[in-house]
Structure formats: C-alpha cells, structure tokens
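Dear colleague,

Please find below the structure I am handing over to you. I would be grateful if you could read my notes alongside it.

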Amino acid sequence: MKLNLHRLWVFEQVVKCGGFSAAARKLYMSQPSVSQHVHKLEVSLRTTLIDRTGARPRLTDEGEVLLQYAQRISSLAQEVAAAIDRVSDVPSGRLLVGSTSTYGNHLLLPLLARFAERFPEVECHVKVGNTSDVIGLLADGEVRLAVLPGDAAGASRHYRRERILDERILLVAHPEHPLAGRAVTPSDLEQQHFLFREEGSATRRAQDDALARWKLSPARCPQISGNETLKHAVLAGLGIAVLPQRCVARELREGRLGPLRPDPELPACAIVLATSRETSLSTTEREFIDLLRTVQDAWAVGEDSPVPDRGSGAPGPLVVPAGHAEDPAARAG
C-alpha cells in the first residue's frame, strides 16, 4: 500500500469543507478532480472512506480513522516547517494571522504592512471573520496566531492568551441627535433605537453586555454585518450604537458623530494575542509577535493607526475572509 500525502490532504479538505464541491472551490480545483483524488486514495487503501449515497457525503468508519491520522500528519507537517524555520534567525516564508474585522482594519493590517516592509521576503496573509470564525480557524489549525477580543468565551482550550491592549467601548449617535454630547442615564435610553451587529461578533457581545449593564431591552432592528456598515448607519441617523473607539475615533474628532456619556460607563474590552496550543511558532511568527507587543504606546495616545504609513510601494498583506481560499497567485511582500 502506498499512501499519497497530497491525496490525503485533499481528503481532509473535503471533510473540512463538508463536500466535494466546496472543497473544489477552496482548492481551486474542479469537482471531478477532487473526487478522483479521493477515489484513488480509497483504491490505494482498498476501502471506502466517504459514503456518497446520501444527500451529503458522510464519513465511513474507515474514513473517521483516516481523518484522525490526516489531521495529525498535517499538524506534524506544520511542526516540521516551524522547526526548519527556527534553524535560521531570519524570518522567511509565510505569515498567516487570523483576526476579527475590527482589529484587522485598525490594528493588524497597518502592523502587517510594516512587517512586510521590514521583511520583504515574507508573504503576509490575514484571514478575517467574526470572533467565532477566527476561533474555528485556531481550533482547526488553519491559523496558529490571531488577534481576538479577550472575552472570547469558551475558546481558551484552543489557544494561549496574552493581553496586548485595552479598547474603549463608546455609545455614539449622529451629532444632531438630541442626546449627543450629553450625560445620559438608562432611563434616557429606554426609547432609543439601537443598532446591532450580527451574532458571533465581539462588538455584538459588547452591545449585549451594555444593554444588560443598563437593564435595557429595546426593540431591535435587523442585524447589520460589519462595524463599518454599522458606523455608516449611525452616520445616516438611523439610530445609536455601541462601537469600539478605534472604529469611530476619526468621526468623533471631525464632529460627524457625537458621543453619549452613559452612567454607568462601559468597561474597556481587552484585545489579546492568541497562539495555538498545538504547535510551536516559527521564527517569522515570533518576530511578528514581538512587533505586535510594541503597539501599546501608540494606542495609548490615541493614534488612528498603531504604526505609521509605509513609505515604500511594497505590496501589503493579502486579506482573505475566514472560510475562503487564498488566491495562490497572490503574494504579499
């Protein structure tokens, strides 16, 4: 019996993606090609790995056993790459970081751009999604480090946490809103139209915590996906919202948003660096972590970006939504 490692990896992607078509899209392969890889793997092992008779492919008992070994082999391959990388003190290869969209836009992307400028031989990639998406990436081993809110519930078994920053949480409105700029009590907010993020995001948890803190249960509008869209809804005067300070700092300074000063105030949200418990980190990853630890001072003085704009024309990091494949032809310096 000869076990083809590429076919084993394709089989693992079929299971992760929940089917042959989804795996084909992720791998930039045709669906028949993916099916052929798995079929040849079954032939080489002289067994059936996936039951294709139902509406959705299902692993056989033999497939379940193989999947466990495939995941162990993938993890070991990452450790081999990291071990070889550690032989050299110069960062190289590929850096992949997971992040929520909020921290990705206002913290991680400027930092990755500076890292790419410092180490142009490193390919910098970031996978963004809501908190639950990024936790899933860590749990599945698709990323080994990520920037997350510190209150990501139930996820600590997947990663080690290191507190990096504290983010203020603000209540904001259109500047012409009658409560803008005022100190407000929960009774002042009872009849206000709150705007909300989608379930699973860190901002949504902060919003729910704020309402619980104020003992409010206002009528909820349809969920809005993404902090930028939510911010623009507030700018348009559609309601008020709880948002991280970094998302609205510029609009507050320019007077395009007005702060509300609630009593009691909202507690700050911790931002943590999450690193995988399962594998050791490469030289490249450790170098990036060292850079990440330097951003505290810049945020403390209220800068929009934790690092200055790059002076060179070097390409920036490739951003991939969580759950999507990266373009193999794209390279970030």
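The notes below cover a strand, a helix residue and a cavity.

Please bear in mind that this is a predicted model.

I begin with strand E7, which spans residues 169-173. Five of its five residues are buried, so the strand is largely enclosed by the rest of the structure. In a regular strand, side chains point alternately to the two faces of the sheet. In E7 both faces are covered: Ile-169, Leu-171 and Ala-173 are buried on one side, and Leu-170 and Val-172 are buried on the other.

E7 has two pairing partners to report. With strand E9 (residues 241-244) E7 forms four bridges in the antiparallel sense, and with strand E10 (residues 258-262) it forms three, also antiparallel. Val-172 takes part in both pairings: its bridge partner in E9 is Ala-241, while in E10 it stands opposite Pro-259.

His-232 lies in helix H9 (residues 227-235). This residue is partly exposed, at a relative accessible area of 48%, which falls under the 50% above which a residue counts as exposed. Its C-alpha is 10.0 Å from that of Leu-257, with the two positions 25 residues apart in sequence numbering.

Finally, the count of cavities of 30 Å³ or more comes to one. The largest cavity has a volume of about 130 Å³. Its lining comprises 17 residues, and Thr-102, Tyr-103, Ala-202, Thr-203 and Pro-244 lie nearest its centre. Helices H5 (101-118) and H8 (202-214) each supply at least two of the lining residues. By character, the lining divides into six nonpolar, nine polar and two charged residues.

With kind regards

Notes. Residues numbered from 1 in each chain as written. Predicted model: local features only at pLDDT ≥ 70, side-chain atom pairs only at ≥ 80, totals over all residues. Heavy atoms only, no water. Buried < 20%, exposed > 50% of the residue type's maximum accessible area, 1.4 Å probe, protein only. Pairing = 2+ DSSP bridges. 1 Å grid on protein atoms, 1.4 Å probe; cavity = no way out; pocket = protein on both sides within 12 Å on 5 of 7 lines; lining within 4 Å. Points joined across faces, edges and corners; volume = space filled by probe spheres on them. Nonpolar A, V, L, I, M, F, W, Y, C, P; charged D, E, K, R; others polar.
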